[in-house]
Each structure stands twice: as C-alpha cells, then as structure tokens.
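Please look through the model below slowly, moving from single side chains to a helix, and then to the backbone. The paragraphs that follow take these topics one after another.

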Amino acid sequence: MCVCPGPRRIGIPVGSSSLPLFSDAMPAPTQLFFPLIRNCELSRIYGTACYCHHKHLCCSSPYIPQSRLRYTPHPAYATFCRPKENWWQYTQGRRYASTPQKFYLTPPQVNSILKANEYSFKVPEFDGKNVSSILGFDSNQLPANAPIEDRRSAATCLQTRGMLLGVFDGHAGCACSQAVSERLFYYIAVSLLPHETLLEIENAVESGRALLPILQWHKHPNDYFSKEASKLYFNSLRTYWQELIDLNTGESTDIDVKEALINAFKRLDNDISLEAQVGDPNSFLNYLVLRVAFSGATACVAHVDGVDLHVANTGDSRAMLGVQEEDGSWSAVTLSNDHNAQNERELERLKLEHPKSEAKSVVKQDRLLGLLMPFRAFGDVKFKWSIDLQKRVIESGPDQLNDNEYTKFIPPNYHTPPYLTAEPEVTYHRLRPQDKFLVLATDGLWETMHRQDVVRIVGEYLTGMHHQQPIAVGGYKVTLGQMHGLLTERRTKMSSVFEDQNAATHLIRHAVGNNEFGTVDHERLSKMLSLPEELARMYRDDITIIVVQFNSHVVGAYQNQE
Amino acid sequence: VMFCRLLSVVGRQRTSPGWQNWSSARSSTSAAEARSVALPTQAQVVICGGGIMGTSVAYHLSKMGWKDIVLLEQGRLAAGSTRFCAGILSTARHLTIEQKMADYSNKLYLQLEQETGIQTGYTRTGSVFLAQTQDRLISLKRINSRLNVIGIPSEIISPKKVAELHHLLNVHDLVGAMHVPEDAVVSSADVALALASAASQNGVQIYDRTSVLHVMVKKGQVTGVETDKGQIECQYFVNCAGQWAYELGLSNEEPVSIPLHACEHFYLLTRPLETPLQSSTPTIVDADGRIYIRNWQGGILSGGFEKNPKPIFTEGKNQLEIQNLQEDWDHFEPLLSSLLRRMPELESLEIMKLVNCPETFTPDMRCIMGESPAVQGYFVLAGMNSAGLSFGGGAGKYLAEWMVHGYPSENVWELDLKRFGALQSSRTFLRHRVMEVMPLMYDLKVPRWDFQTGRQLRTSPLYDRLDAQGARWMEKHGFERPKYFVPPDKDLLALEQSKTFYKPDWFDIVESEVKCCKEAVCVIDMSSFTKFEITLNLIGPRAVDVLSELSYAPMTPDHFPSLFCKEMSVGYANGIRVMSMTHTGEPGFMLYIPIEYALHVYNEVMSVGQKYGIRNAGYYALRSLRIEKFFAFWGQDINNLTTPLECGRESRVKLEKGMDFIGRNALLQQKQNGVYKRFTMFILDDHDTDLDLWPWWGEPIYRNGQFVGKTTSSAYSYSLERHVCLGFVHNFSEDTGEEQVVTADFINRGEYEIDIAGYRFQAKAKLYPVASLFTHKRRKDDMELSDLHGK
C-alpha cells in the first residue's frame, strides 16, 4: 500500500458531477479506464500534492481505492523508500502527455499474470489417508504496489499440533509486513510450546546441539526470508522463550491458544520496537530494523488444530468461513472484526484510551489521527513512541532515515501515545462438518467483493472440482440420451472452473474481472492486468488470499467421538 | 442339514432372479442365520470365500475324491464380486493358459444346470470384439490365431458382418472384428450356487456368516484356521477371499503376500428396449471405446474400463467406503458417450441403474494361484482382473489338481503366486499399479510395453550415470534395466506413438550396440541379475584387452578359458570376481563387483575402454545376441517343467558320472524313451523386417501345415539379418491328438511356418545354433577404415 496522503474512498454515484472532473484529470487513459469505474465509487479529488515511494502519482488520480496511511502533504517531503525526485515535473511532464494505451492481454497472458504467485499445499496423505482436519490450502497474491506490500505465510507446527496461516498487509513500505511474515509464526509456535519442549530447545542451543524444528513452512518461491536479519531475529525469539521458561511456575497448565496468540502478537511488536530503539552495529541491519519499525503491517492469522479454529486479527484483513447449508447453498460467517473506523467498538476503545480532550482528534476523517486507516497494526512506531523517543532515534539513526521527511513527520494532535497497538482480537470457532473452507484475505479483496460473493464463488469452485452434487437416477425416468446431455453439460461447466487449479487464483480472477453481472469479463480482466505498474495502484490494492479447505470427514469424526 | 439350508437359499434366489431383488434375498438369509450350526473342529481342507473361486475349488476337490472339506463365507454365498459380476464368459484371452481356463469354464457351466438342477441362465450368445484401428485388428488376429490352435472357434470378420450380428451397432468407424461364437452369458451368482450345491452333495460342508480371522501356522505348515465362530484344525487352507485376499494373507503371523488391489467398476443397466433384445444377442467388446455391452433382460448391460480408475479399500476393509459405493455418473460419462457412439439408437432407452462393483486387479494383469512359498498347505486363488466368471471353472480345477496331485495338469507357471515377491506387497505400490492395470485391460497391448507405475524402486548404483548417458529403462521385478542407450543426437518417438507391432523406432540404435558387441566391446549393467553386488557384463572381442589393461593380468583364453571364474583386481578395486561368460555366446566377462567399487570399476572400464571403442549397451542388444545363439532364458523360454533333454542341454548333465541327483532316474528314463517336446530355433525366411509384422512370443508354429507348438521368444538377429524365434515343437498324433515322441529327425524333416497374427511365414528349424556366429577370428583383409572409428 502506498505511503501517500490519498483521499479516502467515499461513495459518489457514477454520473454525478464528479465525472467531468475525472475526465479532466486523466485525459489520456480515460478511454481505457472509464469502464472500470463501477460500484458507484469515485474518489473525491484532493487538490493537494503527495509523495509516494514509487515513481508514480497517486493522489491526483480520481480513483484511489484506500490508501492506508496519509500524512499532510508538503512538497518538501521526500519519499521514504525512494530517493527524492521532482515529482510534479515527473507526473505532469510525462504521464499525461502520453497517448492512450490500447492493448489487450491474451487469455494465456492473463493466466500467467494471475498464476505467477499461486501456491497450493495438500496435506500429505499417508497410504491414502489424511487424518488432518485440513485438506490443504491454496494461496495467491496479485500486486498493485511495486513491489507488493502484502505478505502471506503458512506453516505446520511441528512440536505442537496444528497449522498456522496468515495474511499481512503492509503500509509505508513492505519492511514491516515482511518481518512479521517471517517472525510471527515462530512467536506463536513458541507461545504454544510446553515448558519441557522450551527447556529442551534452550538446552540444545546452550550446548550447541541440533535444535528441534518448530515449523514446517509452506512457501511459494517468491516468499523469501531475510538472511541478514535471521540471527538478530533468532536472538530476540530466544530471549522470549527464555522469559517463558523463567515465568513458568512449574505447575503444568494447559496452554491457552487465545492467550498464546495475543502474547505472540504483542511480544513481536514489542521486539520490533525494541530492536529499532537499540539499533544494530551492522549498518544494513540498523537501517532494516528502523524501516521495519517505521513502516506498518496488519495481520490476520488462523490457527487450526483439529476442530479448534482460532483467528487472531490485527487491522482490517479478514477471515471468512464458508459454510454449506443443508440445501447446498453457501453462507459466509465472519470470524474477525475489522479494526477501522467502520467498527463502532474500535472507535469506542480509542476514545476510552485517550483523554476526552482528544475525542475529536483521535479519529478524524475515519483515520487514526486523520492519517492511518487501520486502528491496530504492527510497527508504525510513529503512532506508538513518544515524540522524544522518535526524535532521538531518528537523529541518531542513519542518514537515509534522517533525510526522510515521512519518518520525521510527527502526527498532528499527538499528545498521549501510544495510539496504536498490535494486540489482536482472537475469535474461536469450533469446526462443524458444514464448515467447508476459510478465506483469509487482505482488504484488497474485501473492498472489491462482498463476502457473500466470495464464499459462493469459492464454494462453487471447490465443490465443482471435488464433489459436484452427484447425480442419482433414483426412481425417475431418465433416458441414456438425457443423462448424456446432462453429464456433458456438467463436464463443460467443470472444465471452465478447471481453468484455475487454485481457489485463490479463481477468486482473484473474479475480484479483478467481475462485471456488473458478477461473471468474469475477459476484456475487463485484461485491461485491469495490463495497467502499467505505476497506475495499477489507483485501481486496485494488493490482493492476498489464502483459501483453507477443511476435511469434513475428519471434522465429522471428531464430532462423532463426543 | 447344511445342504437343505443351502438349497433353500438357492431356491429363493432362483425365484427372484435379477438385480432388483437382492435386498429381498438378503433379508431372507437373515432367517437362516438364526439356525447357525457349530463348526467342525477338524477338516482336511478349509476354503475361505464363497464366491465363484471358492465354490469352484470345493466343487473340483470333492469331484477328485477329497471329501473332508469346509467352505467358509463371511457373508452369504456368492454375495461379493460374484454377485455383481456382469456375467460375461469370454474365452478371448491373451495367455493360452487363460484361454484354456475360460474354455473349460464354458464347458463346465454349460452342463452345470443339467448336473445340479439349478438354473444358471447360461445362454450361448457369442461375442464380437470390435477394432476401430488396424493395430487393434492385429491384436485381435493374434488372439484369433491362438484361439484356433486350441480348438476354440473364432474368426476375423468384416464390419459388414458385424452389422449383421448386432443390428444396433454403428459400424462406420470399424476396420474389422473378431467373432467368438461359443462365448456365453450366465448368472455368475447362480453358477457359484450350483457349484456349491454340487460340492455340498459331494460332502463339502458350507458355512456362511463365518469370518476367517487368521490362519494358524506351525513350522511353516498350515495347522488350522481361527474364525469368529471357533477354530478348525486343517492341513490345507485355500484363500479365495477375492478383494480381501491381500488382507487375509497379511493377517497371519507369518504373512503370505498376495498382491492385489480393488478398483471401483461401473456398469449400466437399462430397461428393456421397445422390441426387447433377444437373449441370444452377442456380447460386444469395443476395447477402443473402452466398453463392453451385453443383452440383459431385453435391455442392455454396459460397463467398461476407464482411463482414470478409482482404487478402493487401500487400507483394507473400510465400512465407510463400502457404504459409499455409489453410482458416479460423472465418472461414467466417457463410457456412456462411447456407448451412445457405438449404439446411437439407445438414446431413448430408459436407465435402470448404474452399478458400482469393485473388481480386483493384480500388478501384472494375471490372476494369482498356487501355494505360498512361505507356508506349506496355504493355497491361493484370487486376483481375477475382472475375469472371475471366465476363469472360475478352469482355475478351480487347476488348483484342485495342484492340491491333490502336487501339480496341475496344465502349466500354470505364468499365474503362479511365486512370481511375486515381498516387493509387490506395498499398499502404495498396489494402489498405483492397479490404476495403471485397469485401463490396460482395454489398452492396445503391443510388444515390449513396460509398466510405468511402481518404477525406480530398485536401481543399480550406476543408475544415474547410465540415465545421463541416454539409457531407456525397462523393469523386471522392480529392478530397472537399461533397454538401450539413445545417442545424444537421436530422438525417439513419444511413448504412446512408439507403440507398434512392426519395426520399432529403436531398431538402428540396438543394431549399433549389437555391432559394437561383435566388433569391439560393450558394457551392460546386469545388476538386476544379482542380489548383493553389481554386475557388469563386458561383451566383445576387445573385452580381453580392456580387462588385461586394468588388471595387468593376461586374460587370453589360455589363461582364462571359457566358463572360468577367479577373483582378481580391476583398477584399484581388489577381490572382483570375474567369470568368462556373457550370457550371449559372445566372448567377454561378467564382473561381480561389491557395491562400493561400482562407480570406480565402471569409470575405469569406460576410460580404458575408450581406445577399444567401448560403449554402453542395453538389454535389447543382449537379447538379440542370446536368441540368435539359441540361448534359452529361464522364465521366458523354459521353466520348472522343462528338462535339459527337452531344451538341448543334455551335454551339461553328467548322467554317467555315477552321482545321484534329484530327477536323475526321470532323466535316464526320458533319455531312453525320448522327449515329447523339443526346444527349437526358427529362422524366418520370407519375412520383411521393414514391412511385415514382427514376431513377439506365443505365435503358433506349424509343421507341414499342422500346429505343433508355440514360440516363447523372438528377436531380430543383426548377424543373420533375419528374425529368429525360439519355441517348443510337439508331435500331436493326427488321429487322436495325443502327444508322441519328438525326435531330431521329426524336427529336421518338416516344413515350418510361424503364424504372426494370421499371416504365416516360412521358417527354417534348427536344433543347434548357427556355427558361423561363434567364429570370432577377424581376418586382416576384412579390416576397413571404419574399424578405426569410435563405435
């Protein structure tokens, strides 16, 4: 997500007075983009300038989905991730002088873009038997930012049971989402470990023996881990488990998953903050920990162990359960609450945490301090540290940091920090046989599609592939010819679904390519995907999706055991 | 008591024939359950399984005079696969032994109703095997030739004739067909009940609703069975448990490995046609369309063997799976399309039911019979690859003979349980392999096809090295063997395209390997022939030079005569056993190398061999070399029923040495009386290698126009530039058909023909290999420049 002071999205019907504005602002690409404006959503035009860490203009474009973070623009501010650049000249001189682009991607090209980041994991069967409540998962992401700021993680816990899956939406760069995607699951896994295992691991570290593996990662080749910070991250993690060992009173208590998740989130955020305050002798690492701390990320993590499903959410990504009703229809059950201005309880919470005098300034224009859309996040120390601390760290920090106007900028009305927390809200759900899948996705998906549509599309995709309602002749009179016609039709329908081998890809195809009738329009899809890198962000956000499929047989067996 | 009870079941079944009434039959037997009788504590034979196999074994054993027999069935008689069987009796099988079993079954079932008074629904319909392609027609012609020589009538017919036999058939896309007029349809459940009833009358005791838990074994010998109703002491146990035979075999303390696995199998039943189909309407097998179609109660019954089978019961008996055996129309769709393409008029026919009945398949598509090598008295008859009804009668007879006489009246070597080892026992292997085997039922079977599943299980340490040099692999008992080496610049056809009955695409490649064996030196990795070490076969006139250079020891025939063996060093590696034989009749050596030295010795041989033109060769080159020299291979050409006198190896047996050995007297007697079959080599005369069909094995041999035997293997001899077939010649009396003594004179004074798919090729018979092939001396004036090229 861009670090640009973008206008928030508001609903203005198409055909309102803003249309001429729209065409004025973007004379050239209008032809191309005009059909893309739908759902009656146009953005109010801010006449102000903004900076963004990419080489493109975000703010004067008419349609900006949702910029996570904005700060009062001032032409003197430099970008955070990029060297400064005369932005006005760049955009005005080149962008709008270009001729309209008109090229279409062929279906194979569209597919190769959509499938570039897709990943599938099937829980391995032993001898044709899968005892896990998870059949597997599909994940994918489609960048809008360059580079993408979303991250995803999936891993199997090796020393405890269960699987962890999460999506992370970064803002102000990708440093924080990257760090969280690498580190959070270790914090969770360690929080879940019994005392004896922690001791065993600690003793192994102490005596230089081989460590017990904690997580089995399931990664797409593009999901990288930072090698340079690995040691630093390990030391922080070790300190954490040492403290857990010390805290243990000796009495063996059952580990509460909810508590473990909350502790892990808070601890990691604390470590991110501490590492940035302490710094590192290695200048690369020093800059890295600062970038991590000054950027931010939301997280939505699911922990599945048998029929026990916990979702820990910080920010505005969402976890949605796909439930198949007895009549075969699909309904969506939301398992997380968005932490943003649309959530009354969050507004309430923020007001309670700060003095009455700040009641009006703590959330302004639906943003935290008028700047940040999510009300909970990792990193973002600008919303957590005292002004003194921020100044001290920036001054003693490397030049890159010092020159960066964004980091130096102190939010307005900043009186009683912290304003932001990484503490997640944890929901528990006991899986039932009718709970077929879970969709974890960043707001890039949810802002383009209704949750009911998401669940229906995934549900129909999965059943089409695995168990399209079987046909039974029963007592009816059916001729061979009729049956043949019916089967051929079913097969054709199936093969169109088979274009995607990945439920997440299928969902992205719909999210990006759906027309007003709710079906994928290839032309639209092609246009959306052929947007030049620097314009893509105006029309969509990064989208990251994980679709976890549950094993109804195993879930049902759990139920029967009781 | 038993018999009455049995007949009451039979009676009920008879009054309510047909698939609709199963449920009523089931409920009727629950009444019988109440009257359960205590099991005997002792019996000579316990048979597990009341399907067609178990009842057939019981029937034949009791006919042969064994009376003390108990047959146990876990559910009801004939309630497993037998009940669901499509009821088609077909004699057109790939193996002669299978054809004979089916032929016997056909004759047995025909008279069963008369014998037992139980209606079996036997109707002689005949069957028609359609060919959509020329290759399929060749395959049918090969089967046709073999059926005819054992006296089963069949003929190749034109599409026009096909249309006359079955008026619903669309014949426009056919190139021909095979008609087998004496094939039949029969109710297999009723056959099993009739066999059971006859056996029961002969004294066999039958108990249903009795499960065998495991077989008790002491000192490698069956001592009894443990059932859910008590123990029975017994000498013999027969496992006819069908798809549960594998599990039952494993339930012993000393497991008996019976490699088979079930797949779901679907067939369709319809209501009668407007003008109901006559019960004599022939059964249609459209293998290219993957379907069979028979008449059934005025309508049709049609099923098939799809490309994407669904294996089932991998973990053993799974109640969930058994309950979930549902109709799967989407899965059946390709077969339904195929059916409607073949019989378009059926469009308006009303569906009655799609039946899902698991069928059992084995790793090599052949059924399993015989005694366990691990447990004496433990016999097996299972794994019918959905031909249980066709094989039932014959297979039961052979197994009964095996138990009573110690061996069956026909050679069943190809079906013997002993062909498998522990390695085929893995559930994963079986699951994967049967997914390949089931479609193979209707796939075109061309010479030299290899299974693609269950591969790369056992490999030589040189596997990767050879693979990188272009090796193409075949598999023998799980062991990967190189067939030939594709040179880097050469491209072979894709697997599917290279299927042919004619000259294969690797012809030139193997030719250059053979040439190199004859003129220079080749190395063949023969590790699949040994167990603990790797074996390199160094073949060719320059093998001597390579080995002497590597060992600094003279290797000439004076120092190292033929069939001589000693330990020596090769390169740095010491203690390599070297034997002067090559399995091909060519000069050279076998090197038996401890595994840790494998790579070293191979590398040394290859690098030293370079200047002698060494190259890798594969098993096909070896085969061509050994067959042209008339070398018999055990398992392929000869087996445990072949004597040295019959295969021309009497010179290897020292009868006069005064030493006794097992079978000496029999050999002496045979020497005096003469042999009844003789291993003979045939050189095809008027066969065009480029244009004519290639021989494979199993082709009928004709002497002066009379059938005298079948080939066992064949290869193209690059030296003779002719095809060579090996096979056994018999002397059947023209009047009685009885076997008579085969003399050398009989062999030599005959005009021979080999029948390849109905085309007869003239052949010269030889009892001794062509002498010129053994002279290796090269003359100076034969040398040419090309001898200086690397091979």
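Is B:W634 buried or exposed? In this predicted model, B:W634 has a relative accessible area of 53%, and because exposed means over 50%, B:W634 counts as exposed. Its partner in a ring pair, B:W413, is partly exposed, with a relative accessible area of 26%.

To see how such partners are recognised, it helps to know that a pair of aromatic rings is described by the distance of the centres and the angle of the planes. Over all chains, the count of aromatic pairs comes to 39. In the pair of B:W413 and B:W634 the ring centres are 5.1 Å apart and the planes stand at 85°, so the arrangement is edge-to-face, a term used for angles over 60 degrees. B:W413 belongs to the loop between α12 (388-405) and α13 (427-440) of chain B, whereas B:W634 belongs to the loop between α18 (619-628) and α19 (664-673) of chain B, and the pair therefore ties together parts that are 221 residues apart in sequence.

Aromatic rings of chain B also take part in other arrangements. Ring pairs join B:Y484, B:W506, B:F507, B:Y620, B:W694, B:Y716 and B:Y718 into a cluster. Elsewhere a charged side chain meets a ring: B:R146 lies over the face of B:W697, at 5.6 Å from the ring centre, and the charged end of B:K677 sits over the ring of B:F728, 5.3 Å from its centre.

The next stop is the helix α13(B). At its start, a side-chain oxygen of B:S426 comes to within 3.2 Å of the backbone nitrogen of B:T428. The helix has 14 residues, which at 1.5 Å a residue should span 20 Å, and this agrees with its end C-alpha atoms, which are 20 Å apart. There is nevertheless a bend of about 25° in α13(B), at B:V434. Besides B:V434, the buried residues of this helix include B:F429, B:L430, B:R433 and B:V437. An α-helix has 3.6 residues a turn, so residues three or four places apart point the same way. Among the elements that cover the buried residues of α13(B) are α9 (245-250), β14 (261-263), β18 (299-304) and β24 (471-476) of chain B.

Turning to chain A, one finds 20 helices and 17 strands. Of its 562 residues, 58% count as buried. Among the contacts in chain A with a separation of 6 or more, 77% come from residues 24 or more positions apart.

Finally, the backbone itself deserves attention. Most residues other than glycine have a negative phi, and most peptide bonds are trans. In chain A, the peptide bond from A:A146 to A:P147 is cis, with omega near 0°, and A:P147 lies in the loop between β4 (134-142) and β5 (150-157). A cis peptide bond also joins A:P417 and A:P418, with A:P418 in the loop between α13 (405-408) and β15 (425-430) of chain A.

In chain B, B:Y552 is not a glycine, yet its phi is positive, at about 55°. B:Y552 sits in the loop between α16 (543-551) and β28 (565-570) of chain B, and with a relative accessible area of 78% B:Y552 is exposed. B:E721 likewise has a positive phi, near 55°, and is found in the loop between β34 (706-717) and β35 (722-730) of chain B. At 54% relative accessibility, B:E721 counts as exposed.

Terms used. Residues are numbered from 1 along each chain as its sequence is written. Chains are lettered from A and ligands numbered from 1 in the order in which they are written. This is a predicted model: local features need pLDDT of at least 70, side-chain atom pairs count only at pLDDT 80 or more; totals for chains, interfaces and linings use all residues. Side-chain values use heavy atoms; hydrogens and water are left out. Rings of Phe, Tyr and Trp (its six-membered ring) pair if their centres lie within 6.5 Å; planes under 30 degrees apart count as stacked, over 60 as edge-to-face and the rest as tilted. Helices (H or I, at least four residues) and strands (E, at least two) are DSSP runs, numbered from the N terminus. Buried means under 20% relative accessible area, exposed over 50%, partly exposed in between (1.4 Å probe, protein chains only). A charge sits over a ring if NZ of Lys or CZ of Arg is within 6 Å of the ring centre and within 35 degrees of the ring normal. The expected span of a helix is 1.5 Å times one less than its number of residues. The bend at a residue is the angle between axes fitted to the seven residues ending there and the seven starting there. Contact means heavy atoms within 4.5 Å. A polar contact is a pair of N or O atoms within 3.5 Å; within protein, one must be able to donate a hydrogen and the other to accept it, and residues adjacent in sequence count only if both atoms are side-chain atoms.
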